[in-house]
Amino acid sequence: FFKNTIIVTISVVIISMVISVLAAYSLSRLRFWGSGVLATGIFLTYLVPDTLLFIPLFKIVGWLGLLNSYWELVLVYPTLSVPFCTWLMIGYFSSIPKEIDESAYVEGCSTTGVIFKIIVPLIRPGIFATLVFCFIMSWNEFLIAYIFTRKEAITAPVGVARFITERQILWGY
């Protein structure tokens, strides 16, 4: 159970942070048509309860043939964590003055260089806070793992809960 939880958590954190940082940068710095509406849409997506997504996510995972593996959790968990992480990172990116970007462009830095050499070091506390949120969410998530996984792919929260039966607690385990 512990090994499955470690694999799922590390994979979800990496996927969610890469997507969130890049999406937040593009939504907060690169002004394009509809960026404000898209940022609001991402936040509203976070407000959708997870229980409404069980049936569609289960059908998608079944169609992909990933049922009863921990890779289904690696696919599903980022859909729950990326909207909030992106919204949180948009706030951090917005707190950095745009003049820093402009001065880096004047010095000949590319957009990728601005992101990774200038902005990311400045928002390290925001990245760490978002990373901790994503880690805790994927480590402690119970309901989706309980519904989607069976014997081989059980994570630690589900494994601990399975030791508690209907009438007794299996203290030996």
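## Two cysteines that don't bond

The sulfur of Cys-85 sits 4.5 Å from the closest cysteine sulfur, which belongs to Cys-134, and that is too far for a bond. Keep in mind that this is a predicted model. Seen from the other side, the closest cysteine sulfur to Cys-134 is that of Cys-85, again 4.5 Å away and too far for a bond. A disulfide would need the two sulfur atoms within 2.5 Å, and the structure ends up with zero disulfides.

Both partners are tucked away from the surface. Cys-85 has 0% relative accessibility and counts as buried. Cys-134 is buried too, with a relative accessible area of 0%.

## Overall layout

On secondary structure, the tally is quick: nine helices and zero strands. Walking along the sequence, you get α-α-α-α-α-α-α-α-α. The C-alpha trace spans about 65 × 30 × 25 Å along its principal axes.

Of the chain's 173 residues, 38% count as buried. If you take contacts with a separation of 6 or more, 77% of them come from residues 24 or more positions apart. The accessible surface is about 10,300 Å², and carbon and sulfur atoms own 71% of that.

## Helix α6 and what it packs on

Helix α6 covers residues 111-122. With twelve residues at 1.5 Å each, α6 should span 16 Å, and its end C-alpha atoms are 15 Å apart, so the expectation and the model agree.

Which residues of α6 are buried? They are Gly-113, Val-114, Ile-115, Ile-119 and Val-120. These buried residues pack against α1, α4 (70-94), α5 (98-106) and α7 (124-140).

Asp-101, found in helix α5, touches two of that set, Val-114 and Ile-119, along with Tyr-25 and Arg-29, leaving aside residues up to four places away in sequence. Is Asp-101 buried or exposed? Asp-101 counts as buried, because its relative accessibility is 5%, under the 20% cut-off.

## A nonpolar patch on the surface

Now for the outside. Phe-2, Ile-6, Ile-10, Ile-14, Val-18, Leu-22 and Phe-116 form a nonpolar surface patch, together showing about 660 Å² of accessible area. Helix α1 (residues 2-28) is the top contributor, giving six residues.

One of the patch members is Ile-6, which lies in helix α1. Ile-6 has a relative accessible area of 30%, so it is classed as partly exposed.

Notes:
Residues are numbered from 1 along each chain as its sequence is written. This is a predicted model: local features need pLDDT of at least 70, side-chain atom pairs count only at pLDDT 80 or more; totals for chains, interfaces and linings use all residues. Side-chain values use heavy atoms; hydrogens and water are left out. Patches are made of residues with over 30% relative accessible area and no salt bridge: like charges are joined within 9 Å, nonpolar side chains (Val, Leu, Ile, Met, Phe, Trp, Tyr) within 5 Å. Accessible areas come from the Shrake-Rupley method with a 1.4 Å probe; for residues, only the protein chains shown count as cover. A salt bridge is a side-chain nitrogen of Lys or Arg within 4 Å of a carboxyl oxygen of Asp or Glu. Helices (H or I, at least four residues) and strands (E, at least two) are DSSP runs, numbered from the N terminus. Buried means under 20% relative accessible area, exposed over 50%, partly exposed in between (1.4 Å probe, protein chains only). The expected span of a helix is 1.5 Å times one less than its number of residues. Contact means heavy atoms within 4.5 Å.
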